[in-house]
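Biologist: Could you take me through one part of this model in detail, namely the place where the two chains meet? I'd like a joined-up account rather than a list.

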There are 2 protein chains.
Amino acid sequence: MANFEVLAFDVFGTVVDWYGSVKQEVAATLPGVDADKFTLAWRAGYGPAMQRVMSGELGWTLIDDLHRMILDELLVAVQAPALDEAGRRHLNRVWHRLAPWPDSVEGLTRLRTRYTICTLSNGNLGLLADMAKRSGLPWDLILSAEVFGKYKPDPDTYLGVARVFDIEPDRVMLVAAHHNDLAAARNCGLGSAYIERPLEFGPDNIKDVSPVAENTFHANSLIHLAELLGC
Amino acid sequence: MANFEVLAFDVFGTVVDWYGSVKQEVAATLPGVDADKFTLAWRAGYGPAMQRVMSGELGWTLIDDLHRMILDELLVAVQAPALDEAGRRHLNRVWHRLAPWPDSVEGLTRLRTRYTICTLSNGNLGLLADMAKRSGLPWDLILSAEVFGKYKPDPDTYLGVARVFDIEPDRVMLVAAHHNDLAAARNCGLGSAYIERPLEFGPDNIKDVSPVAENTFHANSLIHLAELLGC
């Protein structure tokens, strides 16, 4: 087993259930709108929006602001433009209120006894801090694309974790529910631990959680990862 | 009482006892050297070193690296250059191992029940994370000059806290043991809470901790501040 010191966690989908949390608030806020479709479309807009930032088409823009741009477009698309500014602002901050998966707090708490645990998320610092405070996610450090001025999968984000802690990249392991994120981390010399989150996109869109041989670890929960790492 | 949401804490001297922690390790590592003088000189070198960064003479440099530059100069000055690279690296990281004042953990824990609590320190992220993990400082978010690319008292640091949390500056209060830091925060619209730390420079250099009328609060410990804020 490699001698990791720092575990860096992807957050959306890996530690928290964005689908369930967003769908619930969308359903309550926008009756008559298909909350499942709305939620999936909101999340699907996030990759292209980040791409506009990374390509230089948009200047540096926080995820809170990208979420709001996508939300405003979706409200027009579903013909629900009547939601006022305060309502839009509150709904947009649902991403600060995402609930952890049932195993997350216990798993992180156990992992933290042996490792330094930090986020490595494209979410902005304020969002991640609100989420952690609300749910008791026991991060040693909240790191974000906002610190590095680049979004994952830019190598500066993965290498940035090693730089912050002044250690070699191979002492850091990324923990994520997404093989592309993990592959980018491995290309920078980090270890990679895949977490199965078959319900990430909801019960009607079960995700393929098959192992990929290149990952250092494959676990079905953060508690399982803690067990694999002897925590 | 103003309606603060976020309390941002200066760390060195305010939350942790740099003098006592550094002096103890200096005395153990460099027998024969005057640990009191060495400690005070190391700390005194930090302001001018930051000034070289802020003036542009040096590019952006983390506090860990500034501390190391000063340490190397001091070791020559006290004629103790024999300390090897591993020893210098370890001694330099004493700043990651600073012990909290006796009231800090309880005070922060109480303040955290009502406020979001974050650091606003010139110390780098890795240093602050190591310190928090070691001592159980329960930060909701670790913010540093490293995030803003500027050192206090640059306004971008104080205003940066408000920006990160997407709130107005008057919803943020800086908590510090240094009137100049608090004055700079007030100039940016933040509240200011002074904490008496008469022993910051050691028992032979008792600090004047007289109140300044402009501060929003004046407390003799973080537990006292929690009491003043009803936590």
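**Where the two chains meet**

Modeller: Let's start with the surface itself: 100% of the interface residues of chain B are interface residues in chain A too, so the copies meet through the same surface. Bear in mind that this is a predicted model. The predictor gives the complex an ipTM of 0.96, along with a pTM of 0.96. As for chain A, its mean pLDDT is 96, with 99% of its residues at 70 or more.

Now the contacts. On chain B, 14 residues are in contact with 14 residues of chain A; here a contact is a pair of C-beta atoms, placed from the backbone, within 7 Å. Three elements of chain B each supply at least two residues of the side that touches chain A: α7 (125–135), β3 (141–144) and α9 (155–165). Of the elements, α7(B) gives the most to that side, with five residues. Sort the residues on the side of chain B that touches chain A by character and you get eight nonpolar, four charged and two polar.

Then there's the geometry. A turn of 180° with a shift of 0.0 Å along the axis lays chain B on chain A, and the RMSD is 0.0 Å. The two copies are therefore related as by a two-fold rotation axis. If you want a residue to look at along that axis, pick B:Val147: of the residues of chain B, B:Val147 comes closest to the rotation axis, with its C-alpha at 2.8 Å.

Conventions. Residues numbered from 1 in each chain as written. Chains lettered and ligands numbered in written order. Predicted model: local features only at pLDDT ≥ 70, side-chain atom pairs only at ≥ 80, totals over all residues. Contact = placed C-beta atoms within 7 Å. Helix = DSSP H or I, 4+ residues; strand = E, 2+ residues; numbered from the N terminus. Nonpolar A, V, L, I, M, F, W, Y, C, P; charged D, E, K, R; others polar. Least-squares fit on C-alpha atoms with pLDDT ≥ 70 in both. pLDDT = per-residue confidence, 0-100.
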